[in-house]
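Student: I am new to this structure and would like a close look at a single part of it. Could you walk me through chain B, with its domains and one of its residues?

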Amino acid sequence: MNHLPLLLKREYWEHRGGFLWTPVWITASILILTVLGMLAAEVFRSHVQVHAGFSLDELRANIGANDMAEAGRGLDVVQLMFGGVASIGLFFVTFFYLLGALYDDRRDRSVLFWKSLPVSDVATVVSKALTAVLVIPAFALVVSTAAYVVFLVIATVWAGVHGLNALPAVLAAHPLGIALRIVALLPVGALWALPAVGWLLFWSAFARSKPFLWAVLVPLIALVANAWLGLMGGPHLTSTAQLAAMLGRLLFSIVPGSWIAGGKHFFGGNWAHGDDVLGHLDLGRSYALFATPDLWVGAVAGLALLAAAVWYRGRRIESSV
Amino acid sequence: MSAIIRARGLSKRYAATKALDAVDFDIEAGRIVGLIGPNGAGKTTALKAILGLTDFEGELSVLGFDPRRERTRLMEQVCFIADVAVLPRWLRVGEAVEFVAGVHPRFSREKCNAFLAHTKITPAMRVRELSKGMIVQLHLALVMAIDARLLVLDEPTLGLDILYRKSFYESLLSDYFDEQKTIIVTTHQVEEIEYILTDLMFIRDGRIALAASMDEVGERYAEVMVNPDNVAAARALAPINERTVFGKSIFLFDGADRARLAQLGELHKPSVSDLFVATMKGTYA
């Protein structure tokens, strides 16, 4: 286990494109669109229809009215928007990273090289799981925070052009506080994501080919089979919605923030618009998740799946492709 | 010297076939063993068992370790090149060196860089940019920089041109091998390695067909080039193989009286490939 830092570095070497450049390009395109929007508005002397999580017009109105607290809150929402946008990319990167983590090297036979080194299967699997729950989110956080800082510079310059001083609004925002809060919430997300991490790594270690099909079809078929058994009056789980939420966690609990409100928003599908996003990131409310069986049952299931992944990593070398 | 590998009743069964059928063998330290057999004879399975890459039945001890349960510790003493060009294509040369240096307690970065200095390989290159021969050079540089007690090579030069093949075995012999080390190598290009081998192991249908040192092979087997008038006499001595070259018959004998053979014609030490062909007769029939 003392090789862990190097093993994590190895994952970064292999997946630089996904871990670093995906969030960079996503947030950079938001910044570019923002600037293009501003320029278009200047040219046509119209209102600024640029809405980067918070309308720039609103920002200008707040600063104009000297309501710096409101402007600062608006900027906080913009910061979360940057994190959220990066998170969408992060989900896809994490999902396919995990599916390939113990499969790609078997497909191209480079597993024979990795296995020729004194690194245990446990250390290998742990390094992949930690990469998914800590390294990838850390990259997304750093990149999106940097993008947000660039945004602040752009917004300040833009406000200055219009004769407004945006600095008090920037000072009224909480960039560091929000970034630290997200860091503090990483363990919640990591524990919550364990079922999906274990599930995807398990199929990655087990499948002789097409880990994606296994990982996605098995829960889907289980769901359909259960509903059909119910229809035919056979033994089945009564609540299809509950089963769907359970199986959904196997695939989607790596979605950043899917743990908010115990997953009820995400897996219940009733995410209300204009919900108090900042409130959901409150540490007290989030850590309350630690007191729920949902989190721990999932974490235990995830660890069991990881143990199975380690077992197959030790025995299954060849893929059939 | 005591055996560093000891197998007793080593068996491995795939669904319908027995890849290894209760095999016993010992490999001593300081030897270069050629493990030679037709396709599907169980060579790779035997190597995989030794390297802890597969389950098996029976007893197997490698450097005192059970490869099934103690693979990680075993790999601190054992190196292998399994197949050609299995280095991951995305890896950079510098990263490969850094990684092996980090995880392997017996790796010498200086040695590795010294080997690489004799090639056209530079640290910033990715494996996918290297030719097959260069990938093998890189892999060999990584492996030779590890002070391992056992090196396992499974078809290490397959598909390489003759320049790379020659230099591969030359560096192995001159820069790596010493009496503290043991090398096991499998290859179909027997004639290229026979002069470096100290021991020979033929494997056929999951069983050991022959296990002997090269000296023993020289004492036991003899090849005689016989003139047409002596052919009947030669056949009477129960040769294990007979072939014809330029009108002369060449007989291979196992354990026949040398003085008697010398009367029939010119005596030779048989080449490993001729011995192999004779031993494996009827394999694909």
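Tutor: Happy to help; here is a look at the two domains of chain B and then at one residue, Asp274(B). This is a predicted model, in which local features need pLDDT of at least 70, side-chain atom pairs count only at pLDDT 80 or more, and totals for chains, interfaces and linings use all residues. Residues are numbered from 1 along each chain as its sequence is written, while chains are lettered from A and ligands numbered from 1 in the order in which they are written.

Chain B is assigned domain 1 (3-205) and domain 2 (217-279); such bounds come from an automatic or database domain assignment. Taken over C-alpha atoms, the centres of these two domains of chain B are 35 Å apart. Six residues of domain 1 of chain B are in contact with six residues of domain 2 of chain B, where contact means that the C-beta atoms, placed from the backbone, lie within 7 Å. On the domain 1 side, helix H7 (190-193) and strand E8 (199-204) of chain B each supply at least two residues. Helices (H or I, at least four residues) and strands (E, at least two) are DSSP runs, numbered from the N terminus.

Now to Asp274(B), which lies in helix H11 (residues 272-279) of chain B. Leaving aside neighbours within four places in sequence, Asp274(B) is in contact with Glu223(B) and Leu252(B). Asp274(B) is also 33 residues from Asn241(B) in sequence, and their C-alpha atoms are 8.9 Å apart in space. Asp274(B) counts as partly exposed because 18 other C-beta atoms lie within 10 Å; 20 or more would make a residue buried, 12 or fewer exposed, with C-beta atoms placed from the backbone.

Notes: Contact = placed C-beta atoms within 7 Å.
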